[in-house]
Amino acid sequence: MQQHKPLARRRFAILTAALAATTIGVLAMAPNAARAQAATWPAKPVKLIVPFPAGGSTDSVGRLLAAELSKELGQSVIVENKGGANGNIGSDVVAKAEPDGYTLLLSGVGSNAISYAVYQNMPYRNSDFAHISLLATGPNVLVANMEFPGKTIEDFIKLSRENPGKYTFASSGSGSSGHLAMEMLKQDAKIDLVHVPYKGGAAAITDMIGGRVSVMFLNQDTLLPQVTSGKLRALAVASAKRNPAYPDTPTVAESGYPGFSAESWFGLSAPAKTPPAVIQRLNQATVKALASPDIRKKLESVGFVVVADDPKSFSAFVDNEITKWGKAAKASGARMD
């Protein structure tokens with residue numbers, strides 16, 4: 001048996017070398033396979049998950065983008081609404097989808113920034129996404145009912161300080177951007193208001209117009225018809241610069257609270273590990289889509305500011321938003337089941 005050991009060792013060495021060569025070959029082929037996949041992408045329709053029901057701001061932005069992306073990609077981009085849990089259900093679908101570029105997310109401030117702070121058991125994390133581009137931003141607007149004695153944000157702050165706990169503020173729900181925007185202003189201005197949460201912005205607006213609540217923060221596009229018709233009074237916008245749809249309304253920042261910002265935003269994201277070449281292709285198509293005069297006109301007409309940036313910038317933006325809204329949520333104590 002001794003004489004066969006050298007032969008056995010040689011066979012083992014040959015087998016080991018063959019396996020190593022095969023492994024190296026597979027690893028070498030992996031980047032090529034990814035590039036080949038990206039080169040043929042998209043070979044079929046792309047699904048864009050909008051994590052809210054049809055008819056709202058997120059849905060409108062998603063459908064405008066889908067129509068333009070279809071032209072740029074040469075494939076249909078199909079919007080699929082998956083609402084629930086402040087956008088978390090639809091976002092989770094994308095977080096767990098195959099990272100092949102065929103399932104995308106219309107990401108936003110609620111489901112991709114605020115939710116991490118206010119929900120106790122999140123089914124996904126920011127690391128589950130590859131962010132492609134920030135699409136547009138729009139400020140929360142501070143409005144008062146027409147019976148409120150203050151006509152400016154300075155009046156509102158003065159009255160609130162003189163009458164702690166007297167005035168109420170509405171929101172579209174606990175943990176919403178409007179709720180947390182007011183919590184940030186309460187801290188900065190050192191005022192005391194009573195929070196009245198509603199199940200959605202429509203019900204809050206109805207009671208605002210009826211004079212049953214004093215003030216609230218809400219998205220600029222949702223409030224624009226009520227402000228322009230004189231049913232509600234705009235006191236301030238929560239963006240760094242004045243909003244084109246509210247040209248005569250000052251920012252909170254310029255009214256004595258520099259750096260104050262509470263904006264809603266929409267972005268395009270994909271599952272993590274989507275091939276970089278596909279992400280790059282999607283980014284290029286998105287930037288071109290948002291340059292369309294038609295889509296810009298529609299978004300800007302209701303106060304959105306079109307952005308269209310790159311994956312690195314958008315990822316940094318999301319990180320900053322998570323930190324900012326997290327601090328506001330912690331200070332307010334807002335929690336969701």
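Hi everyone. A quick word on terms before I start: helices here are DSSP runs of H or I with at least four residues, strands are runs of E with at least two, and both are numbered from the N terminus. With that in hand, we can place Ala85, which sits in the loop between strand E2 (77-81) and helix H3 (88-95). Please keep in mind that what you see is a predicted model.

Let me stay with Ala85 for a moment. Its phi is near 55 degrees, a positive value in a residue other than glycine. Another backbone detail comes earlier in the chain, where the peptide bond from Trp41 to Pro42 is cis, with omega near 0 degrees. You will find Pro42 in the loop that runs between helix H1 (5-40) and strand E1 (46-50).

Now to the pockets. The largest pocket has a volume of about 890 Å³. Where does the largest pocket lie with respect to domain 1 and domain 2? Domain 1 (46-137 + 263-332) and domain 2 (139-255) both contribute to its lining, so the pocket lies between them.

That lining is made up of 39 residues, and those nearest the pocket centre are Phe52, Asn86, Ser172, Ser176 and Asn219. By class, 22 lining residues are polar, 15 are nonpolar and two are charged. Several helices and strands supply at least two residues each, among them helix H2 (57-73), strand E3 (103-108), helix H7 (201-209) and strand E9 (263-271). The largest share comes from H4, with five residues.

Next, the second largest pocket, with about 160 Å³ of space. Here domain 1 and domain 2 each provide at least three lining residues. The residues around this pocket are Met184, Gln187, Asp188, Gly259, Phe260, Ser261, Lys324, Lys327 and Ala328. They split into three nonpolar, three polar and three charged. H6 and helix H11 (311-332) each give at least two residues to this lining.

That brings me to the helix pair itself. How do we describe two packed helices? We use the angle between their axes and the distance between the axes. For H6 and H11, the axes come within 9 Å and cross at roughly 75 degrees. Angles of 65 to 115 degrees count as roughly perpendicular, so that is what we call H6 relative to H11. On the H6 side, the contact is made by Ser177, His179, Leu180, Ala181, Glu183, Met184 and Gln187, while H11 brings Trp325, Ala328, Ala329, Ala331 and Ser332. Seven residues of this contact are nonpolar, four are polar and one is charged.

If you look back at the second pocket, you will meet some familiar names: Met184, Gln187 and Ala328 are part of its lining and also take part in the contact of H6 with H11. Thanks for listening!

Key
Residues numbered from 1 in each chain as written. Predicted model: local features only at pLDDT ≥ 70, side-chain atom pairs only at ≥ 80, totals over all residues. Heavy atoms only, no water. 1 Å grid on protein atoms, 1.4 Å probe; cavity = no way out; pocket = protein on both sides within 12 Å on 5 of 7 lines; lining within 4 Å. Points joined across faces, edges and corners; volume = space filled by probe spheres on them. Nonpolar A, V, L, I, M, F, W, Y, C, P; charged D, E, K, R; others polar. Domains from an automatic or database assignment. Axes fitted to C-alpha atoms, helices over the stretch in contact; angles between N-to-C directions. Parallel < 35°, antiparallel > 145°, perpendicular 65-115°, else oblique. Contact = heavy atoms within 4.5 Å.
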